[in-house]
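Student: Could you take me through one part of this model closely, in one connected account, and give the cut-off behind each term as you go?

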Amino acid sequence: MPVLHSLRRAAVVLLLAAATLYAAPARPAAADEPGWTAEPATGAASTAVRPYFYLAGAPGTVLEDRLALANTTDRERTITLRGADAYNTADGAFAVRPATPGAGAASAAGAGSWISFGTATTVKVPPRTRAVVPFTLTVPPASPPGDHPAAVIATEGGHEVGVRVHLRVGGPTLAALTVEDVAVRGRGAAAVIAYTLVNRGNVALTPELRIRAEALVGEPADPPRGRTPPVELLPGQRVELTEPWPGAPAFDRVRVTLTVTAPGGARAVATGTRWLVPWGLAGWTGGGLLGLGATTAAALYFVRGRRPEPGPAPAPGGPSAAGPTPPAPHHELTGAAR
């Protein structure tokens with residue numbers, strides 16, 4: 001019996017090992033793990049990690065920095081580098097312009113075209129190696145002051161890594177924004193407040209939002225009064241955002257006022273109104289109006305149907321409908337004296 005028990009335990013161990021070996025290839029390692037990273041290089045005397053590049057200079061200045069590429073795999077990596085313009089997507093996310101095949105630096109409009117890696121646009125990184133690649137950013141002499149968002153893009157094997165570049169060109173700065181198109185959409189727990197933010201200045205903004213709600217009849221539950229939307233609004237960009245309002249009234253006329261502020265003195269206010277009517281009540285109201293319209297049309301048709309028709313028009317020269325016309329009095333004039 002002890003021998004039989006030991007054999008059974010050995011069989012169980014072998015089965016578990018086989019199952020583990022069979023399941024191991026299913027781990028999605030190659031597709032999800034590129035095996036290399038790109039980030040701002042640290043200085044020789046500093047070990048602080050920089051999440052992005054921050055560069056500042058006057059028009060005509062040539063700025064320098066370094067990008068670190070770390071290959072953590074056992075094979076060589078060939079990584080392509082470029083600069084790219086940055087912008088906000090419609091929902092406020094940070095995005096970069098795609099590469100344009102065959103286009104030169106002069107065809108780009110933003111700060112991405114000011115970034116140059118010289119002849120090192122393609123870098124071969126040996127296995128288990130960290131390479132540091134210098135680059136320059138040349139600010140054109142006629143560049144307007146303010147923030148010019150860009151990014152450094154590293155590409156290898158269809159995988160892209162972007163590192164943000166915060167560039168501030170010297171000169172007067174202006175923080176200004178507007179809030180537009182305020183509207184209440186949906187009903188009940190699905191109600192949201194939609195609005196559009198536009199950066200009218202020349203610096204990036206991190207806006208803070210305050211909402212006040214008023215109703216014609218009741219006291220509605222306010223949406224979140226003060227919060228910071230998860231968006232960095234870049235200069236000249238327009239984003240469309242929504243805020244949930246689960247406490248919106250079911251049947252009332254509501255008025256919402258949005259106040260948006262940002263560092264630097266930017267402030268904007270806008271309002272929007274809407275009747276909130278439950279779907280069932282809206283259906284009954286619409287059906288009642290349709291029924292009332294149909295009843296009115298039928299009544300008009302019935303009244304017109306009972307109106308007497310006019311008689312035929314008299315023929316030219318014939319008697320009129322009022323009867324024969326009495327003869328006019330006759331006077332005889334002879335011209336002879338009586």
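**A sheet and a ring cluster**

Tutor: Strand E13 (residues 192-199) is joined to E12 by seven bridges, and the two run antiparallel; a strand here is a DSSP run of E with at least two residues, numbered from the N terminus, and two strands pair if DSSP finds at least two bridges between them. This is a predicted model, in which local features need pLDDT of at least 70 and side-chain atom pairs count only at pLDDT 80 or more, while totals for chains, interfaces and linings use all residues. Residues are numbered from 1 along each chain as its sequence is written, and side-chain values use heavy atoms, with hydrogens and water left out.

Within the E12-E13 pairing, Leu177 stands opposite Asn199 in E13. The wider setting is an open sheet of three strands in the order E12-E13-E16, paired antiparallel. Its edges are strand E12 (177-185) and strand E16 (238-244), each of which pairs on one side only. With direction ignored, neighbouring strands of this sheet are turned by 20° against each other on average, the axes being lines fitted to C-alpha atoms and angles running from 0 to 180 degrees between N-to-C directions.

Turning to the side chains, the count comes to three aromatic pairs, where rings of Phe, Tyr and Trp (its six-membered ring) pair if their centres lie within 6.5 Å, and planes under 30 degrees apart count as stacked, over 60 as edge-to-face and the rest as tilted. One of them is the edge-to-face pair of Phe53 and Phe135, at 5.1 Å centre to centre with 80° between the planes. That pair links distant parts of the chain, since Phe53 belongs to strand E2 (residues 53-57) and Phe135 to strand E8 (residues 129-138), 82 residues apart. Phe117 and Phe135 form a tilted pair, 5.4 Å centre to centre and 45° between the planes. Phe117 lies in the loop between strand E6 (115-116) and strand E7 (122-125) and Phe135 in strand E8, so this pair ties together parts 18 residues apart in sequence. Ring pairs thus link Phe53, Phe117 and Phe135 into a cluster.

As for burial (under 20% relative accessible area is buried, over 50% exposed and in between partly exposed, with a 1.4 Å probe and protein chains only), both Phe53 and Phe135 are buried. The relative accessible area is 2% for Phe135, and Phe117 is also buried, at 8%.

How values were computed:
Helices (H or I, at least four residues) and strands (E, at least two) are DSSP runs, numbered from the N terminus.
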